[in-house]
Amino acid sequence: MNQQALSSLIWSVADLLRGDFKPHEYGHVILPFTVLRRLDCVLAPTKAKALVQHQEKKGLGIAYEPFVQRAAGQTFFNVSDMDLPKILGDQDHLRDNLLSYIQGFSDDVRDIFSCFDFPVTLDRLHKANLLYLVTEKFTKNLDLHPESIDNYQMGLVFEELLRKFSEMSNETAGEHYTPREVIRLMVELLFIEDDEALSKPGIVRTIYDPTAGTGGMLSVAEEHLHILNQDARLSVFGQELNDESYAICKADMLIKGQDAGNIIAGNTLSDDGHPGKKFDYMLSNPPFGVEWKKVEKEVRAEHEGRGMSGRFGPGLPRVSDGSLLFLMHLLFKMRPAKEGGSRIGIVLNGSPLFTGGAGSGESEIRRHLLENDLVEAIVGLPTDMFFNTGISTYVWIITNRKAEDRQGKVQLIDASGMFQKMRKSLGSKRKELGDQHIKDITRLLGGFLEARQAIVIDKDGKEIARTVLFDDVPIPQAPEGGRVKHIPVAKILHNEEFGYRTITVERPLRDDKGNAVLSTKGKNKGKVQADSALRDTENVPLSENVETYFNREVQPHVSDAWIDTDKCDKKDGRPGIVGYEIPFNRHFYVFEPPRELAEIDAELKLVTDRIKAMIEGLSA
């Protein structure tokens, strides 16, 4: 039986639940029972040995856990003398025996069922007279032994169940489920520099997701590495705030043979679950536009107390959006370049690209990233890609081990037009990336290319095709009456092109006669007093000399103006405050001149003539 057929068989339990449970609640029953059945099957061959070790060591009054775990041959164990077939044989005490059986598991497994709120689910099933039927279906109809289905296949089955669950509860799916094709793209971009190294035998790497959700990103990364090299080992680490998502993620990792203890519950920003650890790869889809007021005290304390030796040294974003805090957390988790460095893939909304002027927390974070040459690429995704939001999103690729030809540069890829419409919308998700789109984006980034794309437009002005113009791709021909429009799809820019210096331009305060007023006290005594009502600012590109810019752009228009040299940048001490922004859309804007007036007039005349004819037809 293949994975899809097996997951469909498991999900058929929903037929029993219909009426007593709402569709979006089916997963609360099916997912934990699947985990329970899998663990029961995995431990079955070594159950007797584990029980012997438990009794012997308990009788001697010593800690039995390491001995039982070694006897079980897994990262988990169960010391109950029951298993699911035995429990099914005692129908009168089914609920109590299931609860007792779960208590016999090791701590990590008990934690999973606690976060699933499984005892409450068992009570609901018991009251609805469904507990025996559900337990029987999982125990008698499903063979989840490792001999029948290995960890990798079981992981795929669990992922399919999770997808079904997410679709049925799509009003909140975006909170814990990133679209699989977006994760595939991120994983491709993350591993693209290392495909050759990862295919070597015996390779071991670590990957981390601080907003793990249900573990989708970690799972796809593991799948990708499995395809490259079946002998490679990817140790996964994560942290998740939501209890149910945490339980699903931890269960998924356990099912795949990973160390479930590497998945930690809690708030990543206020309580780092993996202190002191550094990772080879990192992936994250943090919540968009969510305020961090609940953890403000802890975050500010770390920022002010530890500075650059802590996670939030570069700066703090406004309280209304904490996504950049997760980015800084990931930066802190990077291995030093001399130890091999790290690569990060993170999904952010448009706000972190440009929000905040020079000197603001957001600008200072961007400054830290660009002045330390950490941004490799930013990919703009189509709108309507996620389940709970239709806004534009961007994948940032961050690394401290750039290839030589990429150093000092950032690649921008505008993939906003690369999508295919879904046959059925899921929440706010109406579009998806196709295989060719992922290949094109990966090729652009992997080749460090600047490129254009051709958009084929028919005679009615409708887009009918879009092609990235690689060197080996022929330029498409315009259809009859249509045209082909060329627009940029990938650009390479120097880091300093995103920087600017905000200078304060002052003009003199004048009296009723028009004479400049002089200050009469303080350090500026005898100097011309500035008029705050006429105060203005100018953003000077970092690549340009401030005085040269001022003399060219300001002085000819206001000859009495001067630069306030007291407002200096805190890092270089020069006049003006340095800021950074990434105006992504501006770099891809292509001006299209309006049509000729005569053409517009002719079109309007046709429309008005048609309306006039329709009115005359009604009055006839």
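Let's start at one residue of this predicted model: E553 is partly exposed, with a relative accessible area of 36%. Its partner in a salt bridge is R552, and the closest N and O atoms of the two are 2.9 Å apart. R552 is partly exposed as well, at a relative accessible area of 41%. Elsewhere, salt bridges that share partners join E364, R367, E371, D569, K570 and K571 into one network.

Before following that network, it helps to step back to the whole protein. There are 620 residues, and 49% of them count as buried. The secondary structure comes to 23 helices and 17 strands. Taken along the principal axes, the C-alpha atoms fill a box of roughly 100 × 85 × 50 Å.

Now back to the charged pairs. Side chains of opposite charge can pair when their charged atoms come close. In this model the count comes to 45 salt bridges. One of them brings together the side chains of K571 and E364, at 3.9 Å from N to O. K571 sits in the loop between strand 16 (562-563) and strand 17 (577-580), while E364 belongs to helix 19 (residues 361-371), so this pair ties together parts that are 207 residues apart in sequence. If you look for E364 in the viewer, expect a buried residue, with a relative accessible area of 5%.

A second pair to look up is E592 with K485, whose closest N and O atoms are 3.0 Å apart. This salt bridge, too, links distant parts of the chain: E592 is in the loop between helix 22 (584-588) and helix 23, K485 is in strand 13 (residues 483-494), and 107 residues separate them. Here both partners are partly exposed: E592 has a relative accessible area of 40%, and K485 has 22%.

Next, turn to the strands, with strand 4 (residues 281-284) as a good place to begin. Strand 1 (residues 204-209) runs parallel to strand 4, and 2 bridges join them. Within this pairing, I207 has Y281 of strand 4 as its bridge partner. Strand 4 also pairs with strand 5 (residues 343-349), again in the parallel sense, over 4 bridges. There, S284 stands opposite I346 of strand 5. What about the two faces of strand 4? Both are covered: Y281 and L283 on one side, and M282 and S284 on the other, are all buried.

Helix 14 (residues 216-228) makes a useful companion to that strand. Its 13 residues reach 19 Å from the first C-alpha to the last, close to the 18 Å expected at 1.5 Å a residue. Is helix 14 enclosed or open? Since 10 of its 13 residues are buried, helix 14 is largely enclosed by the rest of the structure. The buried residues are G216, M217, L218, S219, V220, A221, E222, E223, H224 and L225.

The surface offers a contrasting picture at helix 23 (residues 597-619), where V607 has its place. V607, I611 and I615 form a nonpolar patch on the surface, and together they have about 250 Å² of accessible area. An α-helix has 3.6 residues a turn, so residues three or four places apart point the same way. V607 itself is partly exposed, with a relative accessible area of 32%, which puts V607 over the 30% needed to join a patch.

Cysteines are worth a look too. A disulfide is a covalent bond between the sulfur atoms of two cysteines. How many disulfides does the structure hold? The number is 0. C249 is in no disulfide, and the nearest cysteine sulfur, that of C115, is 11 Å away. C249 is also buried, with a relative accessible area of 0%. C568, by contrast, counts as partly exposed, at 30% relative accessibility.

A last stop is P146, in the loop between helix 10 (131-141) and helix 11 (151-168). P146 is partly exposed, with a relative accessible area of 34%. The C-alpha atoms of P146 and R38 are separated by 8.5 Å, although the two residues are 108 residues apart along the chain.

Technical notes: Residues numbered from 1 in each chain as written. Predicted model: local features only at pLDDT ≥ 70, side-chain atom pairs only at ≥ 80, totals over all residues. Heavy atoms only, no water. Patch = residues over 30% accessible without salt bridge, like charges linked within 9 Å, V, L, I, M, F, W, Y side chains within 5 Å. Areas by Shrake-Rupley, 256 points an atom, 1.4 Å probe, with all protein chains shown as cover. Salt bridge = Lys/Arg side-chain N within 4 Å of Asp/Glu carboxyl O. Buried < 20%, exposed > 50% of the residue type's maximum accessible area, 1.4 Å probe, protein only. Expected span 1.5 Å × (residues − 1). Pairing = 2+ DSSP bridges. Disulfide = S-S within 2.5 Å.
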